[in-house]
Structure formats: C-alpha cells, structure tokens
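Thanks for taking a look at this one with me. Below are some numbered notes to help you find your way around; keep the viewer open as you read.

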Amino acid sequence: MIGMDEKLSFFKNGVRLDGRRPDELRPIKIEVGVLARADGSCYMEMGDNKVIAAVYGPREVHPRHLQEATRAIVRYRYNMASFSVEERKRPGPDRRSNEVSKVSREALEPVILTSYFPKSVVDVFVEVLQADAGTRTAGINAASVALADAGIPMKSLISSCAAGKVDGEIVLDPMKIEDNLGEADVPIAMTPNGDITLLQMDGRLTPEEFRKALTMAKAGCEQIYEIQRKVLVDRYSSMDEPESCDEVEGLSEEEI
Amino acid sequence: MSDVVMAEIRKDYLYHLVLKGERADGRAFDEYREIVLETGPIRKADGSALVKLGKTQVIVGVKIQPGEPFSDTPNKGVIITNAELVPLASPSFEPGPPNEVGIELARVVDRGVRESGAIDLESLCITPGEKVWIVFIDVHVLDDCGNLMDASSLGAIAALMTATIPAQQYGLGEDYPLPVKDVPVATTAVEFGDAIIFDPDTDEESVADTKLTVITTADGSVCGMQKSGPGFISQDHIYRIVDIACERAKEIREKFLEV
C-alpha cells in the first residue's frame, strides 16, 4: 500500500518490531463490569488498543417501529474518540464506523438468543479510546464479554482478531505500523467451535496465503477465547451476592 | 404479521428446493444469471456502465475532476466511491442519506478498486501537494433483484476502464484514457445448509442470512472480502467459495473486461 519504496524491515532475527513472533498476539488485558450504569460492560486492551464496551437491555425499543414481533433486535454502535488517533478525528459517525458497526453487530447477533426477548432491543456501545490497528476486533471481543456480563442469553462467546501480511510473511494481530505498511489485513470473529461470524479482507493475498492467514487468525481467536472465558469465570465464581451500583469500580486513571 | 408468515413459507420452499439440488429459476448452484454490460451510456460522465445481472440493474458513473490531495498523500490522486439505494429500486429502500447497507456496498466496491491497485494513484498527481485528479465512482442502483455487490463492482471497473481524464476541460493538456492496471471482479455466494449458491437473487438473499463476497484480481489473487449478514460460515465453506469465486471471476473478466 503506502510507502512500499521506503522498504522498512518488519523482522529482525525472525521477530517483529515489538519483539513478537509472527504468530503471536499482542498482550491482552480484559476487565469485566467497569461501568456502573450499564447492564454489562467490559474494558479491553489489545496491545495499544484501548476500548470499552457497554450493553444495555433487553429494553424497550425506541423508536417503536423498529420493534420485531418475534425477536429482540440488536444494535451496535462503534465510535472512535476524537483523541484516539494521531491526527484528531472529527467526532461522530462516518462511513467507516457505520460499516464497522454493521459487521460487528452481525458478528455477535448469531450467538445472541434474540427469540427470548420479542419486541425488545439489546444495545451495544463500543467506544475506542485509543486506536492502534485492530479496533474492530478488540471492540467485538469486549462487546462479547459485556453481553455475557449483562446476562444476555447467548449460545457462546465470540472471539475476534486479525491476521495480516507484512514483508511477504503472514503475521497474527498486526499493529498499526504493520497494518499501514503491510500488504493485507484479514479480520475475523468466530465462536469457540470455529464457526466464523466476521470475515473481511483487504490488500492482496494468493488463495494459499489467505488460507494461512485464516488458520492463523483462528488460532489467535482460540487464545483470546480462553482469556475471555477465564475473566468471566474469575469474576462470577468469586461473587457471593450481586453488587450494588456504587460498589462497581470505575476505571482508574492509569487504565485510560 | 401475515407478511412474516408468507415470507417464512416462501423461505421454507426455497430452502427445501436447494436441498433437492435445485434453484427456483433452474440455475446450477454456481451459475450466474445472464450478465449484460453496456459501457458509456451516460455521455456526460467521464466513464459509465450499465450492468444487468438477471433483472438486477445498476448504473455506475465516473466523474473525474481536479482537486486537493489529502495532506498525508500529497502526490496521490483520490478515489471516492458512493452508492445510492434510491427508492425507485426497491420497496424496501427509503429516501434519505445512505444507510449502512448503502455504505457497505460503496465500501466493498471501493475496496476492490483500491486494493487491487487498478488505479495507479500516483499517476493522478498533477502538482504534488496542490492538485491531483479526484475520481468519483457513483453507484446508482436502479432495480434490486439481488446481488448488488457483484453488479456494482462490475459496473465500477467497467466504467473506470472506459473513462477519460477530461484534462482539456480544465486547461491541463489533452484528454487521455484513465490508466487502469488491474481488473478486480467481485463474486458473491450464500450458503443454504451444506449447499453454496452463487449470485443469489433477492429471495435467495432473504433465505440465507449470510453472504460472502470475494474480490479477485487478474492474477488470481484475492484483494478483498466481506462477510455480510448475521449468520455463521464455516472455514470449509469459505475455502470452497474462494476457489469457485476465482473461476467465476476469471470467466466474467474474460467475457466482459478484456482489454
């Protein structure tokens, strides 16, 4: 894409600029129940990405004509904070965030048991506080945990990450510089069974390279699933009684 | 409510037809509807194409005009893709700014053109940092009978391949053809149970909850993909779709887009 002629080297002795192996994820940090007002919430870091997801519902649908007689509708709003990227982003939805919202909703909807809640809505809000390539996948991971935290009945969790191609090599979970100067990006999301619910691709790959990227991204999702699961088990196995609003800890400053 | 019931009956019928190995219009699972491509129907545009994919009709107009480059790519031209799902094209389209379906359509068409490198953006630079050619690709859906992604993508590349840079009009020398270096073709499939069917019509789209669009380049690489719709898709099916997509795209490219 851009800057091909600069010929930056992305590998030194087989490791990437940040010291990762080609098939290694960035460090992940997940916290559940970080917002007091939301029915479910999750704060997540994937490398330098920092996202927060909140779930409200099932609740009444406004405007009412959006109601579905036989199931709940799911709404997903992906929003980037204006300070989340190098150059200030104009606040509010744009075409990219509209598309990301759509595919992210479609990544989660298949596992949500919407038929349990006719005429209602499950609202998912994802705010990107800091972006470093992979915000849609981080958002989906956080939203999936937040849905579980809200007690929304689901068939399973959804885990999401991307694979890319840099310097001719397929790598897992590209960071910003790899994404910008790389040759392809394949974000996916899947259930723990391996059913894929998000698949996008841009760049250029041979069919063989695509297969390798998809396999690598699936392996990444499996690792993320284990972390998501552990965070939820840890939180709910140790909880004796439901917490009241003011006992829920907010985000500390260093987390943001 | 009666609408919901009717739709379910229709869906059930189509689904079971496919399980028996048939489609309502008699096509094979990997067979496209008849494609009719007409380039240059709009003389006032710098490039244009009318695509008929079965009964689906899409018109794509390309306008090229000088403008300012983005500050982070001062020596590159700009591509701007837009799609209008005008209310004349379907009872479910409503007037107003593009909704997410329209935005997704435009962005997938854009992805094919951009990621394939079909247009060499650096060749569109007039004065670095000041003036470059801006290529507007406007997709105008006329009749939505299914698979707008493939029809619009085909219209876009066909319009670009026949586009002229209107240099004379702006006092920038002689007019010349827009250089196009690759020919991306989008191919879309849906799954019904274990069956995969290509080029779905509107009924088939409404039965299957999920589509996969694969965009391939002239050398057989994949340059864009989009899963669309709230459903699952298995790795095995993805691979099968990519393989067949490469073949169908090659046929479409050879038949309609030979330079």
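1. A good place to begin is Gly151(A), which takes a positive phi of about 75 degrees. Gly151(A) comes just after helix H2(A). Please keep in mind throughout that this is a predicted model.

2. The helix before that glycine is worth a moment of your time. H2(A) covers residues 135-149, and its end C-alpha atoms are 21 Å apart. Why does that distance agree with what is expected of H2(A)? At 1.5 Å a residue, its 15 residues should span 21 Å, so the two values agree. H2(A) is also mostly covered, with 15 of its 15 residues buried.

3. What does H2(A) lie across? Its neighbours there are strands E3, E4 (40-46), E5 (49-60), E6 and E7 of chain A, and H2(A) runs at about 40 degrees to E5(A). These strands make up an open sheet of five, in the order E3-E4-E5-E7-E6 of chain A, with mixed pairing. At the edges are E3 (28-32) and E6 of chain A, each of which pairs on one side only. On average, neighbouring strands of this sheet are turned by 15 degrees against each other, direction ignored.

4. To see one pairing of that sheet up close, try E6(A) and E7(A). Strand E7(A) takes in residues 120-130, and eight bridges join it to E6(A), the two running parallel. Within this pairing, Tyr78(A) has Val126(A) of E7(A) as its bridge partner.

5. Now for the other sheet, which brings the two chains together. Eight strands form an open sheet in the order E9(A)-E8(A)-E10(A)-E11(A)-E12(B)-E11(B)-E9(B)-E10(B), and the pairing is antiparallel. Its edge strands are E9 (169-172) of chain A and E10 (195-198) of chain B, each pairing on one side only. Neighbouring strands here are turned by 20 degrees against each other on average, direction ignored.

6. Where the sheet passes from one chain to the other, E11(A), residues 196-205, pairs with E12(B) in the antiparallel sense over four bridges. Met201(A) has Met225(B) as its bridge partner in E12(B). Which residue of E11(B) is also worth finding here? Val214(B) has Met225(B) as its bridge partner in E12(B). The pairing of E11(B), residues 211-216, with E12(B) is antiparallel and runs over six bridges.

7. Two helices can be placed against this sheet. H1(A) lies across E8, E10 and E11 of chain A, and runs at about 135 degrees to E11(A). H2(B) lies across E11 of chain A together with E9 (185-192), E11 and E12 of chain B, at about 165 degrees to E12(B).

8. H1(A) deserves a point of its own. Helix H1(A), residues 95-108, has 14 residues and reaches 20 Å from its first C-alpha to its last, close to the 20 Å expected at 1.5 Å a residue. Eleven of its 14 residues are buried, so to speak mostly covered. The buried ones include charged-type names you can look up, such as Glu99(A), Lys102(A), Arg105(A) and Glu106(A), alongside Val100(A), Val103(A) and Leu108(A). The buried residues of H1(A) pack against E6 (73-80), H2, E8 (159-166), E10 (184-190) and E11 of chain A, together with H2 of chain B.

9. How many residues does each chain give to the contact? Chain B gives 30 residues and chain A gives 28. On the side of chain B that touches chain A, the elements giving two or more residues are helix H2 (100-115), strand E12 (222-228) and helix H5 (235-256) of chain B. The residues of that side divide into 14 nonpolar, nine polar and seven charged.

10. Last, each chain as a whole. Chain A has four helices and eleven strands, and 47% of its 256 residues count as buried. Chain B has five helices and twelve strands. The radius of gyration of chain B is 19 Å, close to the 18 Å that the globule rule gives for 259 residues, so chain B is as compact as a globular protein of that length. Its C-alpha atoms fill a box of roughly 60 × 40 × 35 Å along the principal axes, and 44% of the 259 residues of chain B count as buried.

Key. Residues are numbered from 1 along each chain as its sequence is written. Chains are lettered from A and ligands numbered from 1 in the order in which they are written. This is a predicted model: local features need pLDDT of at least 70, side-chain atom pairs count only at pLDDT 80 or more; totals for chains, interfaces and linings use all residues. The expected span of a helix is 1.5 Å times one less than its number of residues. A residue is buried if 20 or more other C-beta atoms lie within 10 Å of its own, exposed if 12 or fewer, and partly exposed in between; C-beta atoms are placed from the backbone. Two residues are in contact if their C-beta atoms, placed from the backbone, lie within 7 Å. Ala, Val, Leu, Ile, Met, Phe, Trp, Tyr, Cys and Pro count as nonpolar, Asp, Glu, Lys and Arg as charged, and the others, Gly among them, as polar. Two strands pair if DSSP finds at least two bridges between them. The radius of gyration is taken over C-alpha atoms; the globule rule is 2.2 Å times the number of residues to the power 0.38. Axes are lines fitted to C-alpha atoms, for helices over the stretch in contact, and angles run from 0 to 180 degrees between N-to-C directions.
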